[in-house]
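I set out to record how the protein meets the DNA, how the two copies are related, and how one helix is packed. The entries follow in that order.

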There are 2 protein chains.
Amino acid sequence: MTSDKHIDQSGPPTMQDVAKLAGVSQPTVSRVLNNTKTTIPVSKKTRDKVLVAVKELGYRPNMTARSLRTQRTHMISLLVADITNNFYHLIAQAIQEVARAHDYDMLIANSDHVYENEKRFCEAVIRRPVDGVIMVPQYLTYGDLDELITLTNTPITVLGQHINHPAIDVVGADDEQATFEAITWLIAERGHKSIGYIGVALDYPPSPRRWQGFQRALKTAGLTFDPDFYMQGDWSFESGRQAINRLLKIGKRPSAIFALNDLMAIGAILALQDAGLSVPDDVAIMGFDNMREATIVRPRLTTIAQYPTEIGQKVAEALFDRIEGREPDARRELTVPLKLIVRESA
Amino acid sequence: MTSDKHIDQSGPPTMQDVAKLAGVSQPTVSRVLNNTKTTIPVSKKTRDKVLVAVKELGYRPNMTARSLRTQRTHMISLLVADITNNFYHLIAQAIQEVARAHDYDMLIANSDHVYENEKRFCEAVIRRPVDGVIMVPQYLTYGDLDELITLTNTPITVLGQHINHPAIDVVGADDEQATFEAITWLIAERGHKSIGYIGVALDYPPSPRRWQGFQRALKTAGLTFDPDFYMQGDWSFESGRQAINRLLKIGKRPSAIFALNDLMAIGAILALQDAGLSVPDDVAIMGFDNMREATIVRPRLTTIAQYPTEIGQKVAEALFDRIEGREPDARRELTVPLKLIVRESA
DNA sequence: TTGTATGCGTTATCAT
DNA sequence: ATGATAACGCATACAA
């Protein structure tokens, strides 16, 4: 259709094409292109000839070939646990911004919380090497990660803190302490003595930490936990709703409930309201994450805020430190803040 | 630490290493590995020797080298307009599932609705070729895409329908008709005669189509549109809120408002409620998308549902048709359904 | 059935 | 300051 330029015989122009047009050798083209700043000797005259030819042909370097030669890809990989979760989007967005600033592309994958997909991701990294990896592993073992590192020699940074490997920086939050403080506030400032808990299976990394913080707060306040008020969900909105529906059948209820994430907390609020109960008067609800929906639900959700943008930035910068050779002396464990946001639900 | 296996002298094992260990030539290894199904003559004996060596060394093919040689990457790229938008997540998830089934990796990028980032994405595709591209272009011109195609010869599939290029399949929805039907329902079934509109700039692809459907419904019903009831937002929650706040200052208001997406619709609901008005009694609200938040807000949002998972599947399958050589005779324009979901807000 | 030779598009090490 | 030449890891045409 629009063939107003040259006839491309086969595929994009290569350095050979540029070299021929400029009347120089192919390595010379390479030198010109790779030393816009680092002053490697190349005469002003040839440099100009080359640059003209580059522009004329619309030449772009082929990254695949470059990668094969340099063993660097200028790509990083990100593995998240749930691509539909807003929390990870903001993290991904922040990471991508940092990557972009370093002129890196980002490959993103999604494990859907299943081990097989996590392994598959590692496999992909081994077969298509990247310069750095950021991940939120759920089930990957120390051994899995160690194998990945020894095989690829790729810098890895991890979100969450259950990995203790000398070559892996970790960015996480102090869930235990934040939960402790939030529950303590619920007891001291709001006067609750009977507090329920909507958790998730303990093999999700943050689960045991938050559970410990919760228990510590109760113990410190001299309260006991009624096991009937332990409900288990799976992070989903619907599971929060179902937890409440099960609770309402047992003939007693706590005066407040702490849910491990906002989605379950909101499901709980809606289920309570559907049952004719008032939040927070009959039951107060506290969540975790501070996702956008927390200000949409009524009453607005009181929750422990994470700062995904900050998390993403930190984790990406830690990664680029290693990628660009600024290796830390030892494994770093960075902590990002958490903060209780008091709204109307508790 | 865990060096229970062989000493890796430098990087991952290559076909050479496998060949040496198996006592065969490197091309033989290649043949064995690439013809598990296509019966290319290779003796059972050597095949076994090779496979043992492969397992022994933990050999994995290097995709970079393979790509350079075959000119295929087994990767597709996805460009979305807003990585924080739930709508795109579900699309991305569906696409990734299809890609996974075809044993492809997926590279995802995010334009944030800005032209420069869209161009940058094209640039990335040119420099790091992929086997297929799916995108939601906002500003890219026919020329931009045509250049991309002639330069890379890569199959492209587009979400939304403003691109009319012979080599580009398009998957979209019939926004105009769906909007027409929804507004007609608002008029006929709910008796509204004065309907406001929260739109976005017309250079967002779906914007003019929905605007036309809206106007056609009014005209068909013999109603006129009061220009004072045209409000402009930018897709965001906050802009819906602000639109209402501006509206409330002009001393008159419509009995219903149609917003171009759920986020703005929800912002509108909350702003109206904050002003002491009732939804839907004082003002009815209708949205577009049926995102998760639509069932969280109270009253629940009446909205036009898109089916992102289905969209993602269709667009991915259309792409793989081309990638795998099942070229359609002509440009295909696939339409996915839209459906009015009636809840309480209108 | 298998081995030899070549090339994908770069970068890097030699020379000159 | 620049041009040959080799190498990255793999796939394939050709020879044997």
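Entry 1, the DNA. I looked first at Thr46(B): a polar atom of its side chain lies 2.6 Å from a phosphate oxygen of DNA strand C. I count a polar contact as a pair of N or O atoms within 3.5 Å; within protein, one must be able to donate a hydrogen and the other to accept it, and residues adjacent in sequence count only if both atoms are side-chain atoms. Tyr59(A) places a polar side-chain atom 2.7 Å from a phosphate oxygen of the strand, and for an N or O atom in the side chain of Asn34(A) the distance to a phosphate oxygen is 3.0 Å.

I then noted the elements that give two or more residues to the surface near DNA strand C: H2 and helix H4 (63-70) of chain A, with helix H2 (26-34) and helix H4 (63-70) of chain B. Helices (H or I, at least four residues) and strands (E, at least two) are DSSP runs, numbered from the N terminus. H2(A) gives the most, with five residues.

The model is predicted: local features need pLDDT of at least 70 and side-chain atom pairs pLDDT 80 or more, whereas totals for chains, interfaces and linings use all residues. Residues are numbered from 1 along each chain as its sequence is written, chains are lettered from A and ligands numbered from 1 in the order in which they are written, and side-chain values use heavy atoms, without hydrogens and water.

I found 27 residues around DNA strand C, the closest being Gln26(A), Arg69(A), Thr28(B), Arg31(B) and Arg69(B); near means that a heavy atom of the residue lies within 4 Å. Of the strand's atoms within 4 Å of the protein, 60% belong to sugar or phosphate and the rest to bases.

Entry 2, the two copies. I laid chain A on chain B with an RMSD of 0.1 Å by a turn of 180 degrees and a shift of 0.1 Å along the axis, superposing by least squares on C-alpha atoms of residues with pLDDT of at least 70 in both. The copies are thus related as by a two-fold rotation axis. In chain A, the C-alpha of Leu107(A) is nearest the axis, at 2.3 Å.

Entry 3, helix H1(A). I asked which residues of H1(A) (residues 15-22) are buried, meaning under 20% relative accessible area with a 1.4 Å probe, protein chains only. They are Met15(A), Val18(A), Ala19(A) and Ala22(A). These residues lie on the same side of H1(A), because they cover an arc of only 100 degrees around the axis, taken from the directions from the helix axis to the C-beta atoms.

Conventions: Buried means under 20% relative accessible area, exposed over 50%, partly exposed in between (1.4 Å probe, protein chains only).
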